[in-house]
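Thanks, everyone, for making the time. I would like to walk through one model this morning, starting with a helix and what covers it, and then going on to a sheet and to the empty spaces.

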Amino acid sequence: MNDRVIQVNELARVEGEGALYVRINGDDVERVEFRIFEPPRFFEALLQSRMGTEAPDITSRICGICPIAYIMGACHAVEKALGIEVTPQIHALRRMIYCGEWIQSNTLHAAMLHAPDFLGLPSAMDIAKTNPELVRKALRVKKMGNTLMEVIGGRAVHPINTKVGGFYSAPDPDAIAALIPELEACALLAREITLDFAKFEFPDDDHDYLFVSLIHPDMYPILEGNIGSSRGLDIPPEEYPQHFYEEHVERSTALQGRTADGLPYLVGPLARYANNFEQLTDNCKATARDAGLGPVVRNPYQSILVRMIEVQYALEEAARLARIYEPPDPPSVAVPVCAGEGHGCTEAPRGICYHSYQLDDDGRITFANIVPPTSQNQPQIEVDLQRTVEGNLAMTDDDLQWRCEQTIRNYDPCISCSTHFLKLTVDRV
């Protein structure tokens, strides 16, 4: 009997605390468990008895990297419950600020957190020593995303200008117009970074994923759309509970999402790309082609390329919206106080983020349900890890540990709002 144990006391470049347990008996991988053990945060309970109009600001505190995802999901759900619709100008401004979040979050992950895996380096600081120009490009692109959120939202982290019904104030047209040259320049930089990353050596690991994302007939979905899948699903957000569910497993404080028939599924860039490739701009399609990608990408390690193509798209889309910007007047629509039920779903950088609220006659929340992307991806992460370990049993423990960490980082998992550690234990019998 030969017992082998691998323990990672700290997994850098992900958000949150988790652990991975792998038990190997000879050539058989008997158990793979991805554990999340942070204390529950009870945001749904915090929302109880609060006004529906407070939901966007409260839920934005779930994540400092993706506050817009929670703000917009909450706004959509509450607005549905109250029976209100925003104007086209408000909608366009919301889409523009959401582009800012996509730009900064996806660039942060791809260039600073994920790229070191393919270069055999521990951090982006080490990339800066060997390829400072790549880091400068990435920082410039990320800064553009932050600037977009600041100009529209008042600040880059937990914006203060958003609300149910629209915005507190409309940005000055000159301030929006001033963003256009840098948005256009950064779109070219995003293409360059994608093609730089396309030179990486990617593990051979195509998988037949069940891709789930928003779908839209006219635009690449960020802010709205039906929930669709690569196997023909096409439903409005209010039907999400009939097709998906969450379950609690003993090893994790995070719920795990599955389809109604118990299947794991994938949300995030690969799913959006596969389900909506035709809605990308011609420039983004050209970047995908030049990076060696087809209209569907099934290799999870190539998600780094798809993320950067989405960054290019978000920059081009923000520039388009900036060129046609009309300040909404008024900046928000009237918000009544009444009872209702509403559902909202938007595309956070990591995948669909679903919100559901019930309001009483006073407009107070009596029920809330929020399903973030990482809880939906958790079962699929375990499937990928199982496949990774089974396909690399001949690796040394150090190499297998690296590959497992890289497999998890393919998902950019937001375990919580902070980076702590992942504990990896491999038991070989």
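The buried residues of α11 are covered by elements that include α8, residues 180–197, together with α10 and α12. Before going further I should say that this is a predicted model, and everything that follows should be heard in that light. The helix α11 itself spans residues 282–290, and within that span C284, K285, A286, T287 and A288 are buried. After α11 comes G292, and its phi is positive, near 85 degrees.

One of those covering elements, α10, also leads us to the sheet. In what order do the strands of this open sheet lie? There are 3 of them, in the order β5-β6-β7, and the pairing is antiparallel. The edges are formed by β5, residues 212–215, and by β7, residues 234–235, each of which pairs on one side only. Between β5 and β6, the latter covering residues 226–229, there are 4 bridges, and the two strands run antiparallel; in this pairing V212 stands opposite S229 of β6. Against this sheet packs α10, which touches both β5 and β6, and the direction of the helix makes about 50 degrees with that of β5.

Let me turn now to the empty spaces. The structure holds 1 cavity of 30 Å³ or more, and the volume of the largest cavity is about 100 Å³. Its lining is made up of 15 residues, of which L266, V267, L270, N410 and Y411 are the closest to the centre. Which element supplies the largest share of that lining? It is again α10, with 3 residues, while α10 (269–276), α12 (303–323) and α13 (373–391) each supply at least two. By character, the lining of this cavity divides into 8 nonpolar, 4 polar and 3 charged residues.

Finally, there is the second largest pocket, which holds about 480 Å³ of space. It is lined by 17 residues, and the closest to its centre are H76, E79, K80, E85 and E224. The elements giving two or more residues to this lining are α3 (67–82), α4 (88–119) and β10 (340–348). How does the lining of this pocket divide into nonpolar, polar and charged residues? There are 4 nonpolar, 7 polar and 6 charged residues.

If one element is worth keeping in view as you turn the model, I would suggest α10, since we met this helix among the elements covering α11, packed on the sheet, and in the lining of the largest cavity.

Terms used: Residues numbered from 1 in each chain as written. Predicted model: local features only at pLDDT ≥ 70, side-chain atom pairs only at ≥ 80, totals over all residues. Heavy atoms only, no water. 1 Å grid on protein atoms, 1.4 Å probe; cavity = no way out; pocket = protein on both sides within 12 Å on 5 of 7 lines; lining within 4 Å. Points joined across faces, edges and corners; volume = space filled by probe spheres on them. Nonpolar A, V, L, I, M, F, W, Y, C, P; charged D, E, K, R; others polar. Buried < 20%, exposed > 50% of the residue type's maximum accessible area, 1.4 Å probe, protein only. Contact = heavy atoms within 4.5 Å. Pairing = 2+ DSSP bridges. Axes fitted to C-alpha atoms, helices over the stretch in contact; angles between N-to-C directions.
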